[in-house]
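Some words used for a protein model, such as buried or polar contact, rest on cut-offs. The questions below ask how each word is earned.

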Amino acid sequence: MRIFHLISSPRGEASISTKLSSAIVEKLIQANVGSIVTTRNLSTEPFPNLEEVHIGSFFTPEEEFTPELAAAAKKSEDAIAQLLETDIIVIGAPMYNFTIHTALKSWIDHIVRANKTFAFTENGAQGFVTGKKLYIGLSSGGIFTEGPFKLYDFAEPYLRFIFGFIGITDVTIYRVQGLNVPIIKETALQQAIDSIVI
Ligand SMILES: Cc1cc2nc3c(=O)[nH]c(=O)nc-3n(C[C@H](O)[C@H](O)[C@H](O)COP(=O)(O)O)c2cc1C
């Protein structure tokens, strides 16, 4: 199996979402001996926010590329190629301000591309990134699977939607929650790791 591990927390070794996604990768390796893992840390190797040059490159025919447009397009093309050549994607995603970190959003903005990873057809939107399995390790200070904050979880629904939109529908999300809640925070990570079933 080719496994692509995408880290999006800026907190390095201290990151809880990275610890959780790394545990998912470890279990995947145990279950699929001989797997090849490629890791990309979006904090140390970031994708730029979409600027005019990137959007221009998305909608300009290749024959008309300037060197700047070609360089801008290459980032997106390389990211899409890396995604397409992968069997399993594992993402570590911290919740920041009730949604995902901008580093992950910027990467998503480079891989969700009309006529590359999705298209609008007569039958509606169609995703082209099919046959993949996606695992996400999602960390948050609060609790979102139940209680008063359930309504304000824009991270898990967004991630499920956007990956489904490009064709990745086999999505498993493990959450480590309550990292800002006394008592819960001490055991939250281990409980989340113990719940991983591959
Ligand atoms: C800038 C910032 C914003 C945060 N926003 C939220 C939030 O909206 N909701 C929440 O439950 N936790 C929030 N947290 C807590 C993080 O989700 C929590 O610390 C998590 O462990 C971060 O993941 P990481 O350890 O992988 O970086 C925030 C933390 C930071 C630093």
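Q: What makes the pair formed by an oxygen atom of the ligand and the side chain of serine 9 a polar contact?
A: In this predicted model, an N or O atom in the side chain of serine 9 is 2.7 Å from an oxygen atom of the ligand. A polar contact is a pair of N or O atoms within 3.5 Å, so this pair qualifies.

Q: Which backbone atoms lie at 2.7 Å from an oxygen atom of the ligand?
A: A backbone N or O atom of phenylalanine 98 lies 2.7 Å from a ligand oxygen, and a polar backbone atom of glycine 142 is also placed 2.7 Å from an oxygen atom of the ligand. Of the 630 Å² that the ligand exposes when taken alone, the protein buries 77%.

Q: Which elements give two or more residues to the shell around the ligand, and what is the make-up of that shell by class?
A: Helix H1 (16–31) and strand S3 (88–96) are the elements that do so, and S3 provides the largest share, three residues. The shell holds 16 residues, of which Ser9, Ser15, Ser17, Met95 and Phe98 come nearest to the ligand; by class, seven are nonpolar, eight polar and one charged.

Q: Why is glutamine 177 called buried?
A: Its relative accessible area is 14%, and buried means under 20%, so glutamine 177 falls in that class. Glutamine 177 sits in the loop between strand S8 (170–176) and helix H6 (184–194).

Q: How do you know that the side chain of glutamine 177 makes a polar contact with the side chain of threonine 145?
A: The distance given for this polar contact is 2.9 Å, and the cut-off is 3.5 Å, so the pair meets the distance condition. The side chain of glutamine 177 also reaches the backbone nitrogen of phenylalanine 144 at 2.7 Å. With neighbours within four places in sequence left aside, the contacts of glutamine 177 include Ser140, Gly142, Ile184 and Ala188.

Q: Why is tyrosine 158 described as partly exposed?
A: Its relative accessible area is 23%, and buried requires a value under 20% while exposed requires one over 50%, so tyrosine 158 belongs to the class in between. Tyrosine 158 lies in helix H5 (residues 155–165) and touches Ile100, Lys105 and Ile108, not counting residues up to four places away in sequence. The C-alpha atoms of tyrosine 158 and isoleucine 100 are separated by 8.7 Å, although the two residues are 58 residues apart along the chain.

Q: Why does histidine 110 count as buried?
A: Its relative accessibility is 0%, and the class requires a value under 20%, so histidine 110 counts as buried. Histidine 110 is placed in helix H4, and, leaving aside neighbours within four places in sequence, its contacts include Phe47, His54, Phe58, Lys75 and Ile80. Its C-alpha atom is separated by 9.5 Å from that of aspartate 78, 32 residues apart along the chain.

Q: What makes helix H4 (residues 102–111) mostly covered?
A: Seven of its 10 residues are buried, among them Ala103, Leu104, Trp107 and Ile111. The cover over the buried residues of H4 includes strand S1 (2–7), helix H2 (52–58), helix H3 (67–84), S3, strand S4 (99–100) and H5.

Conventions: Residues are numbered from 1 along each chain as its sequence is written. This is a predicted model: local features need pLDDT of at least 70, side-chain atom pairs count only at pLDDT 80 or more; totals for chains, interfaces and linings use all residues. Side-chain values use heavy atoms; hydrogens and water are left out. A residue is near a molecule or strand if one of its heavy atoms lies within 4 Å of it. A polar contact is a pair of N or O atoms within 3.5 Å; within protein, one must be able to donate a hydrogen and the other to accept it, and residues adjacent in sequence count only if both atoms are side-chain atoms. Accessible areas come from the Shrake-Rupley method with a 1.4 Å probe; for residues, only the protein chains shown count as cover. Helices (H or I, at least four residues) and strands (E, at least two) are DSSP runs, numbered from the N terminus. Ala, Val, Leu, Ile, Met, Phe, Trp, Tyr, Cys and Pro count as nonpolar, Asp, Glu, Lys and Arg as charged, and the others, Gly among them, as polar. Buried means under 20% relative accessible area, exposed over 50%, partly exposed in between (1.4 Å probe, protein chains only). Contact means heavy atoms within 4.5 Å.
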